[in-house]
Amino acid sequence: MSNNAFIRIEHLYKTFSTQKEQIEVLKDINLEIEKGDIFGIVGFSGAGKSTLLRCINRLEEPDSGSVFVGEQEITALAHDELLAFRRKLGMIFQQFNLLDSRTVRGNVSFPLEVARLNRADIARRVDEILELVDLSDRISFFPGQLSGGQKQRVGIARALANDPVVLLSDEATSALDPQIALSVLDLLRSINEKLGLTIIVVTHQLEVVKYACRHIAVLEAGSIVEQGSVAQVLTNPTSDTMQVFVKVNSNLTAGALTEGSGI
Amino acid sequence: MIEVIKKVFTLDTWKVILPAIGDTLFMTVFTTVLMAIFGVLLGVALFLTQRDGLRPLRVFNAVFGAIINALRSLPSMVIIILTMPLAKLIVGKSWGPAAVIIALTLTCVPMFARMVESSFLEVPRGKVEAAKSIGARTWEIMFKVVLPESLPSLIRNFTIAIIAVISVTALAGFFGAGGLGDVAVRFGWNRFLTHMMVAAVLVLIVIVEFVQIGGDIWAKHVVRKRHL
């Protein structure tokens with residue numbers, strides 16, 4: 001294990017029990033993510049990617065193993081410490097999960113209220129962050145008045161409001177139209193560059209990996225079957241998952257080209 | 001219809017009906033306030049302590065749920081009779097509008113608690129998770145996410161619950177609680193004064209309509225404000 005890893009996951013196990021059976025969702029996951037990276041966790045549905053992501057902020061409690069972020073062992077934190085840690089961590093979701101009862105301002109304020117900032121600081125920070133996601137003109141709109149892409153940008157603003165050290169993205173672009181998804185990824189990339197924020201992206205879309213990620217880990221039935229830089233993995237995919245991904249993707253590209261050239 | 005109303009609501013009718021309206025409103029308002037307070041508190045408790053709730057307490061939830069179900073399965077009439085001694089102890093007499101409020105509250109709180117719980121459960125889990133992901137404390141999730149997000153549904157359930165209160169106050173009339181139910185029974189039924197019965201019923205219908213329409217307007221207002 002190298003020492004410059006910012007996020008370290010060691011021997012992580014997670015089992016879901018239903019009445020009939022026990023499903024091992026994560027089996028001996030070991031992972032290192034560098035500071036400032038955009039790291040993709042890739043796999044088919046049911047591979048355990050979301051569960052892995054949610055173990056990082058313990059929305060899901062792992063059965064065993066440890067997660068380190070910086071110097072802190074997240075898996076060893078007591079409840080109050082965990083809450084404090086989560087305030088330094090942003091998360092965005094496929095379904096946005098905005099509060100319909102609050103305006104854009106209210107939604108972005110929420111994490112700052114939780115972090116007990118005073119009103120003036122909250123107002124200043126909300127203006128600042130909405131500027132960053134280019135939604136200043138929507139500040140007093142309700143989520144019900146926004147498009148999907150705008151909602152996700154509010155989601156990102158909420159996640160970034162309290163200056164997180166890590167941003168977790170759970171299929172954040174999957175519910176969006178392709179070009180809107182692209183603009184959201186652009187935003188994530190520029191945030192990554194501007195703020196040096198470490199971003200972990202769970203996705204089943206190869207485009208997301210190609211467009212935004214620097215390193216990826218491929219999950220298959222709860223185990224990491226492949227990991228490395230995006231270039232490495234895409235040029236020489238060894239896992240079944242990645243081979244299927246790359247094949248489907250190249251077929252699509254070829255198809256699109258054929259169609260586009262009018263043949 | 002207008003003919004009937006003219007015939008029914010004579011000056012003599014009003015003399016009986018007006019104080020009865022006062023009694024009915026008194027019982028309804030008091031019971032509703034108590035029901036709102038305790039119903040929401042118990043609803044929060046039920047919601048929080050669920051198996052996959054924010055503060056799971058399985059045994060508490062099971063016992064508590066069982067008590068609420070037991071209370072709900074008792075007919076209101078039985079609750080009224082059972083609480084007579086209690087009313088005597090607290091209010092000093094076992095009859096009259098004030099005495100019956102205890103019984104009415106005991107009838108309506110368990111029902112409203114379940115309604116509140118089910119409104120809370122309608123809030124998408126993702127919103128609660130989003131709040132958790134930013135480190136919100138349980139009370140913040142409860143009061144800044146679950147309650148406001150479920151508000152339109154809460155208002156609708158509250159409206160239904162108030163109407164249930166009104167109908168139980170009418171039933172309580174049987175037990176000397178006063179109010180419109182009392183008028184219907186003592187004058188309309190026992191003394192064969194059909195016009196009294198009709199008057200009491202008409203007034204009850206108007207009150208219930210008012211509550212329902214008011215609740216609808218309130219809920220719609222909230223929904224429209226949020227552009228849902």
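This report describes a predicted model with chains A and B, moving from chain B to the cores, the interface, the salt bridges and some single residues.

Local features are taken where pLDDT is at least 70, side-chain atom pairs count only at pLDDT 80 or more, and totals for chains, interfaces and linings use all residues. Residues are numbered from 1 along each chain as its sequence is written, chains are lettered from A in the order in which they are written, and side-chain values use heavy atoms, with hydrogens and water left out.

## Chain B and the nonpolar cores

Chain B has eleven helices and zero strands, where helices (H or I, at least four residues) and strands (E, at least two) are DSSP runs numbered from the N terminus. Its C-alpha atoms fill a box of roughly 65 × 45 × 25 Å along the principal axes. Of the 228 residues in chain B, 50% are buried; buried means under 20% relative accessible area, exposed means over 50%, and partly exposed lies in between, with a 1.4 Å probe and protein chains only. When contacts (heavy atoms within 4.5 Å) in chain B are counted between residues at least 6 apart in sequence, 74% of them join residues at least 24 apart.

A nonpolar core is a set of buried Ala, Val, Leu, Ile, Met, Phe, Trp, Tyr and Cys residues joined through side-chain atoms within 4.5 Å. The largest such core has 60 residues, and those with the most contacts inside it are A:F110, B:I17, B:M35, B:F120, B:I141, B:V146 and B:L180. Helix 9 of chain B (residues 151-172) gives the most to this core, with eleven residues. Apart from it lies another core of 46 residues, among them A:L112, A:L176, A:V208 and A:V233. Leaving aside neighbours within four places in sequence, B:F120 is in contact with residues including B:G43, B:F47, B:M142, B:V146 and B:L154.

## The interface

How many residues does each chain give to the contact between them? Chain A gives 25 residues and chain B gives 22 residues. The area buried between the chains, that is, the accessible area (1.4 Å probe) that two parts lose on being put together, summed over both, is about 2200 Å², and carbon and sulfur atoms give 56% of it. Across this interface there are nine residue pairs in polar contact, with both residues at pLDDT 80 or more; a polar contact is a pair of N or O atoms within 3.5 Å, where within protein one must be able to donate a hydrogen and the other to accept it, and residues adjacent in sequence count only if both atoms are side-chain atoms. On the side of chain A that touches chain B, the largest share, four residues, comes from helix 3 of chain A.

B:E149 lies in helix 8 of chain B (residues 138-149) and counts as buried at 11% relative accessibility. The side chain of B:E149 reaches the backbone nitrogen of A:D100 at 2.9 Å, and among the residues that B:E149 touches are A:L99, A:S101, B:K127 and B:R226.

## Salt bridges

A salt bridge is a side-chain nitrogen of Lys or Arg within 4 Å of a carboxyl oxygen of Asp or Glu. By this rule there are 18 over all chains, and three across the interface of chain A and chain B. Some of them are listed here.

| Pair | Closest N to O |
|---|---|
| A:R54 and B:E129 | 2.5 Å |
| A:E113 and B:K144 | 2.6 Å |
| A:D163 and A:R125 | 3.7 Å |
| A:D37 and A:R214 | 4.0 Å |

A:D37 lies in the loop between strand 2 and strand 3 of chain A, and A:R214 in the loop between helix 7 and strand 9, so the pair ties together parts that are 177 residues apart in sequence. A:D37 is buried at 5% relative accessibility, whereas A:R214 is partly exposed at 38%. A:R54, A:E60 and B:E129 are linked in a network of salt bridges.

## Positive phi values

Most residues other than glycine have a negative phi. A:D28, in strand 2 of chain A (residues 22-34), has a positive phi near 45° and is partly exposed at 33% relative accessible area. A:R58, in the loop between helix 1 and strand 4 of chain A, has a positive phi near 60° and counts as buried at 11% relative accessibility.
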